[in-house]
Amino acid sequence: LLLLSFLQGRLETPFTPETCAKSLRYSAMSMSRTFDELESSGLAETARSGRYRILDFREGREAVWAKALALALLSTPMKRRIFAMMPHRQVSGLVVGGLTALARFSALAAPAIDVFAVDGRKWKELSSRKGITEIPHPDDDCFEVEIWKYPPELLAVNETVDHLSLYLSLRDTDDERVEAALEEMMEGLAW
């Protein structure tokens, strides 16, 4: 999440574990471990400024993205995918994900079932509400829900998941149409 935030200009370098923790809703200790991982991967370097630990990336955003992909440091943000029956009013304000989001960023046709992305905590809250039922298979008037490792709204734009997280969530798809749409989306990205 820290790396994706930097790559999309949501966090400006150099930054400290404390500033990242506040922005990304994690503990400073978690951010400090993330700094260690980014430094050991060769993507970033840390330094001390007084009592503060500062992280800065060695290269520009596009180069860092390419290197992180080449080193297989980035994984899908999605934990699992489910189908749910939900009243339309419950969907209001949810972040659009999956093929529905890709259709917004490319010439791909929108899927028949709308896809939304939420983190595990948000899904637990939603699924406890009356009228929301998880179902084993897609059905008429259902929604597809992607349960993410982090809150997708942190990087979302216009209630749609960000381009890089979307790419990571769909890059292992074997569908040529999806692959072409992902390529189209990434070509249009301004670094």
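Helices here are DSSP runs of H or I with at least four residues, and strands are runs of E with at least two, numbered from the N terminus. With that in hand, here is a place to start. N158 sits in the loop between β7, residues 143-148, and α8, residues 163-170. Keep in mind throughout that this is a predicted model.

Stay on that loop for a moment. N158 is not a glycine, yet its phi is positive, about 55°. E159 lies in the loop between β7 and α8 too. Its phi is near 60°, again positive in a residue other than glycine. Why flag that? Most residues other than glycine have a negative phi. Is N158 buried or exposed? The cut-off for exposed is over 50% relative accessible area. N158 has 68%, so it is exposed.

Now the whole chain. The secondary structure comes to nine helices and seven strands. There are 191 residues, and a compact globule of that length would have a radius of gyration near 16 Å. The chain has 18 Å, which agrees. Along the principal axes, the C-alpha atoms fill a box of roughly 60 × 35 × 25 Å. Of the 191 residues, 45% are buried.

Next, contacts. Take those with a sequence separation of 6 or more. Residues 24 or more positions apart account for 69% of them.

Surface and charge, quickly. The accessible surface is about 10400 Å². Carbon and sulfur atoms hold 48% of that. On the charge side, the chain has 23 positive and 29 negative side chains. The centres of the two sets lie 10 Å apart.

On to the core. In soluble globular proteins, nonpolar side chains tend to be buried together. Here, the largest nonpolar core has 55 residues. Which of them have the most contacts inside it? L2, L3, F57, M86, L102 and W123. Look at W123 in your viewer. Leaving out residues up to four places away in sequence, W123 touches R80, I82, A84, M86, V118, I132, E134, V145 and I147. Note that M86 is on both lists.

Two helices deserve a look. First α6, residues 98-105. Its buried residues are G98, T100, A101, L102 and A103. They pack against β4 (95-96), β5 (115-119), β7, α8 and α9 (176-187). L102 is also among the core residues I just named.

Then α8. This helix is mostly covered, with six of its eight residues buried. Which six? L164, S165, L166, L168, S169 and L170. What do they pack against? The partners are α1, α4 (61-70), β3 (78-85), α6, β7 and α9.

Last, two buried residues that are not in the nonpolar set. E144 lies in strand β7. At 11% relative accessibility, E144 counts as buried, because the cut-off is under 20%. Leaving aside residues up to four places away in sequence, E144 touches R81, I82, F83, I113, D114, V115 and F116.

T16 is the other one, in the loop between α1 (2-7) and α2 (17-24). Its relative accessible area is 10%, so T16 is buried. Beyond its neighbours within four places in sequence, T16 is in contact with F35, Y52, R53 and I54.

Definitions and conventions. Residues numbered from 1 in each chain as written. Predicted model: local features only at pLDDT ≥ 70, side-chain atom pairs only at ≥ 80, totals over all residues. Heavy atoms only, no water. Rg over C-alpha atoms; globule rule 2.2 N^0.38 Å. Buried < 20%, exposed > 50% of the residue type's maximum accessible area, 1.4 Å probe, protein only. Contact = heavy atoms within 4.5 Å. Areas by Shrake-Rupley, 256 points an atom, 1.4 Å probe, with all protein chains shown as cover. Lys, Arg positive; Asp, Glu negative; His and termini not counted. Charge placed at Lys NZ, Arg CZ, Asp CG, Glu CD. Core = buried A, V, L, I, M, F, W, Y, C linked by side-chain atoms within 4.5 Å.
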